[in-house]
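Here is a colleague's note to read beside the model. Please keep the structure open and find each residue as it comes up.

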Amino acid sequence: MISDKEITGISKFLSLVLRHQPLLIGIELDEQGWVSVDDLLTKANAHGNKLTPEILKHVVETNAKKRFAFDENGRKIRASQGHSIEVELGYEPQIPPDILFHGTGAQSVQSILQDGLIKRERQHVHLSMDITTAVQVGSRHGKPKVFEVLAGEMHNQGYVFYLSANKVWLTDNVPAHFLKLKED
């Protein structure tokens, strides 16, 4: 079978082409971010990858963060969220829990306290339902720091939230006054 290292490499490759740079391999995402599995496999393999339908299915099904999804008939694939290119994922506004969490690296704390959470090149700010996930996310950026997000208050003041297919909460921005830095 395929090694964990190979699975990680394929997952990173899929994140790149399905979230950020589809033209890197010559695929075109539709307005909801979908691309045909056949087109993805053909173009990926033409660029030196060794993807089969079985490997792709395995990567999608075993990805702990559920970053990718097949459509209902398995003929199309897309990233669940995190796009830096414009796609309409079709998520409906949801009422968030009162508290959500955001993990970041220690080096970003001061700018977040000043400016809040800004989506930057992504379509949304990503928020977690639990501290453990936020710490994992923050660890990717150095020493992890976690913010509590007063999502219930934000929602009551008109901010819109979405829940992605892989249970990541999404919103356009979080002003600093809705954030509380969790102490270690």
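1. Start with the largest nonpolar core, which has 23 residues. Leu14, Leu18, Ile27, Leu40 and Ile77 have the most contacts inside this core. Keep in mind that this is a predicted model.

2. Next, see where that core comes from. Four elements give two or more residues each: α1 (4–20), α2 (37–46), α3 (53–62) and β3 (76–79). The largest share is six residues, and α1 supplies it. As general background, nonpolar side chains in soluble globular proteins tend to be buried together.

3. Now pick out one core residue. Which residues does isoleucine 27 touch, leaving out those up to four places away in sequence? They are Val17, Leu18, Pro22, Val35, Asp39, Leu40 and Lys43. Two of these names, Leu18 and Leu40, also appear among the core residues with the most contacts.

4. There is also a second core, separate from the one above. This second core has 16 residues, including Val109, Leu117, Leu127 and Phe178. Keep Leu127 in mind; this residue returns in points 8 and 9.

5. Turn to the helices. The axes of α1 and α3 come within 10 Å and cross at roughly 85°. Angles of 65 to 115 degrees count as roughly perpendicular, so α1 and α3 are roughly perpendicular to each other. On the α1 side, the contact is made by Ile7, Ile10, Ser11 and Leu14. On the α3 side, Ile55, Leu56, His58 and Val59 make the contact. Note Leu14 again: it is also one of the core residues with the most contacts.

6. Now the three-stranded sheet. This sheet is open, with the order β1-β3-β2 and antiparallel pairing. Its edge strands are β1 (35–36) and β2 (68–70), and each pairs on one side only. Two bridges pair β1 with β3 in the antiparallel sense. Serine 36 has lysine 76 of β3 as its bridge partner.

7. Look at the other side of β3. Three bridges join β2 to β3, and these strands run antiparallel. Phenylalanine 68 stands opposite alanine 79 in β3. What do β2 and β3 form together? They form a hairpin, with five residues between the two strands. Glycine 74 sits in the turn and has a positive phi of about 75°.

8. A four-stranded open sheet comes next. Its order is β4-β9-β10-β7, with antiparallel pairing. The edge strands here are β4 (93–94) and β7 (125–127), each pairing on one side only. Three bridges join β7 to β10 (residues 169–171), and the two run antiparallel. Leucine 127 stands opposite tryptophan 169 in β10.

9. Finish on threonine 171, which lies in strand β10. Is threonine 171 buried or exposed? Its relative accessibility is 1%. Buried means under 20%, so threonine 171 counts as buried. A polar atom of its side chain lies 2.7 Å from the backbone oxygen of valine 160. Setting aside neighbours within four places in sequence, threonine 171 is in contact with His124, Val125, Leu127, Met154, Val160 and Phe161. So Leu127, a member of the second core, is among the contacts of this buried threonine.

Technical notes:
Residues are numbered from 1 along each chain as its sequence is written. This is a predicted model: local features need pLDDT of at least 70, side-chain atom pairs count only at pLDDT 80 or more; totals for chains, interfaces and linings use all residues. Side-chain values use heavy atoms; hydrogens and water are left out. Two strands pair if DSSP finds at least two bridges between them. A nonpolar core is a set of buried Ala, Val, Leu, Ile, Met, Phe, Trp, Tyr and Cys residues joined through side-chain atoms within 4.5 Å. Buried means under 20% relative accessible area, exposed over 50%, partly exposed in between (1.4 Å probe, protein chains only). Contact means heavy atoms within 4.5 Å. A polar contact is a pair of N or O atoms within 3.5 Å; within protein, one must be able to donate a hydrogen and the other to accept it, and residues adjacent in sequence count only if both atoms are side-chain atoms. Axes are lines fitted to C-alpha atoms, for helices over the stretch in contact, and angles run from 0 to 180 degrees between N-to-C directions. Angles under 35 degrees count as roughly parallel, over 145 as roughly antiparallel, 65 to 115 as roughly perpendicular and the rest as oblique.
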